[in-house]
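Let's take a friendly walk through a protein model together. Have the sequence and the structure ready, and follow along as we go.

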Amino acid sequence: MTAYDDRDGFIWMDGKLVPWRDANVHLLTHALHYASSVFEGERAYGGTIFKSREHSQRLKTSANLIDFEIPYTVDEIEAAKAEVMQANGLKDAYVRALAWRGAGEDMGVASRRNPVRTAIAVWEWGAYYGDAKMKGAKLDIAKWRRPDPATAPSQAKAAGLYMICTMSKHAAEAKGCSDAMMFDYRGYVAEATGANIFFVKDGEVHTPKPDCFLNGITRQTVIGMLHDKQVKVHERHILPGELEGFQQCWLTGTAAEVTPVGQIGDYSFEVGALARDMVESYERLVRT
Ligand SMILES: Cc1ncc(COP(=O)(O)O)c(C=O)c1O
């Protein structure tokens, strides 16, 4: 596998395409020290980025939530994504847009005099959970909890919120799991480290209320699909003790798409008909 900083191609950076290996920042970049960075994960299918404008808008909203303004409009970000996809000759791709406080006159916590930088990289990225789409992913239970919205801006897709996700995912992988399910600060079931979670019980769907974690674009899409299929969806607080009574489970996210879950800690789930149907229906939807 080639390292992400050592590839051919182009990255869009601050308004222009730069050769992949030259898309660098200085060590005294504010974001590197203080996590003043926001990003998007998107997927293009057959040359079209699924829900592209929603992602561009969320990038700008995330920046506002952590107190900076991206110096490009949604239309400009859309044009930049198209440009970088074309420059790399990709039609099926993962798209990573990001914006951060750069290096400048400030090096303390405050960063008003530093420029806001923006970049977009695209690459080919297969299934996020390997062969779990067929077998069901195995999840650990994270020791870290999603924070209170009064502690961190939980609706922002901001780098700082991923510190506990990386630690949780490393702990999960050390136990042979592919991800971890996290509780929130109150002890309710929240989400995985980079995907939202759904459960099925007696033909109805239950999913945590996104009041302290990202209300994913895929999550919202899947809820819409379930409504179209006349499946009842309960968005509510879910207690750990309820895990035992759920029959099916799946994760949703741009990278994860819809991935069934076979196990969370000691609890097992079947890769049932509804989970499989959602995997296939989502795959069809993103390509139409
Ligand atoms: C922590 C977290 N939750 C949920 C999601 C799912 O969001 P989306 O469906 O918008 O990709 C992601 C991925 O972007 C994520 O990183």
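A residue is called buried when its relative accessible area is under 20%, exposed when that value is over 50%, and partly exposed in between. Please keep in mind that the model you are looking at is predicted.

Let's begin with rings. How many aromatic pairs does the structure hold? There are twelve. One of these pairs joins Phe199 and Phe246, whose rings are stacked, with 4.6 Å from centre to centre and 20° between the planes. In the sequence these two partners are 47 residues apart: Phe199 belongs to strand E10 (residues 196-201), while Phe246 lies in the loop between E12 and strand E13 (248-253). Are these rings buried or exposed? Phe246 counts as buried because its relative accessibility is 4%, and Phe199 is buried too, with a value of 0%.

Other rings come together in a group. Tyr4, Tyr94, Trp123, Trp125, Tyr128 and Tyr129 are joined into a cluster by ring pairs. Tyr4 also has a charged partner: the charged end of Arg7 sits over the Tyr4 ring, 4.0 Å from its centre.

That brings us to charges. Side chains of opposite charge can pair when their charged atoms come close. In this model the count of salt bridges comes to 22. Take Arg53 and Asp75, whose side chains meet in a salt bridge with 2.9 Å from N to O. This pair ties together distant parts of the chain, with Arg53 in helix H2 (residues 52-65) and Asp75 in helix H3 (residues 74-87), 22 residues apart. Arg53 is partly exposed because its relative accessible area is 44%, and Asp75 is partly exposed at 48%.

Now find Asp277 and Lys229, another salt bridge, where the closest N and O atoms are 3.3 Å apart. Asp277 is in helix H7 (residues 273-286), and Lys229 is in the loop between helix H6 (217-228) and strand E12 (233-236), so the bridge links distant parts of the chain, 48 residues apart. Asp277 is partly exposed, at 26% relative accessibility, and Lys229 is partly exposed as well, at 32%.

Which salt bridge has two buried partners? Glu191 and Arg146 are both buried, and their side chains meet with 3.3 Å from N to O. Glu191 sits in strand E9 (residues 189-192), whereas Arg146 is found in the loop between strand E7 (137-141) and helix H5 (163-174), 45 residues away along the chain. Salt bridges can also join up: Arg43, Lys133, Glu257 and Glu283 are linked in a network of them.

Next, look at a residue in strand E6, Thr118. Thr118 is buried, because its relative accessible area is 2%. What is Thr118 in contact with, leaving aside its neighbours within four places in sequence? Its contacts include Trp12, Met13 and Asp14, then Ile70, Pro71 and Tyr72, and also Leu98, Ala99 and Trp100.

Finally, let's go to the surface. Leu27, Leu28, Leu32, Tyr34, Met107 and Val109 form a nonpolar patch there, with about 600 Å² of accessible area together. One of its members, Val109, is in the loop between strand E5 (93-101) and strand E6 (116-123). Val109 is exposed because its relative accessible area is 66%. Set beside Val109, Thr118 gives you the opposite case: Thr118 is buried, whereas Val109 is exposed.

Terms used. Residues numbered from 1 in each chain as written. Predicted model: local features only at pLDDT ≥ 70, side-chain atom pairs only at ≥ 80, totals over all residues. Heavy atoms only, no water. Patch = residues over 30% accessible without salt bridge, like charges linked within 9 Å, V, L, I, M, F, W, Y side chains within 5 Å. Areas by Shrake-Rupley, 256 points an atom, 1.4 Å probe, with all protein chains shown as cover. Salt bridge = Lys/Arg side-chain N within 4 Å of Asp/Glu carboxyl O. Helix = DSSP H or I, 4+ residues; strand = E, 2+ residues; numbered from the N terminus. Buried < 20%, exposed > 50% of the residue type's maximum accessible area, 1.4 Å probe, protein only. Phe/Tyr/Trp six-rings, centres within 6.5 Å; stacked < 30°, edge-to-face > 60°. Lys NZ or Arg CZ within 6 Å of the ring centre and 35° of its normal. Contact = heavy atoms within 4.5 Å.
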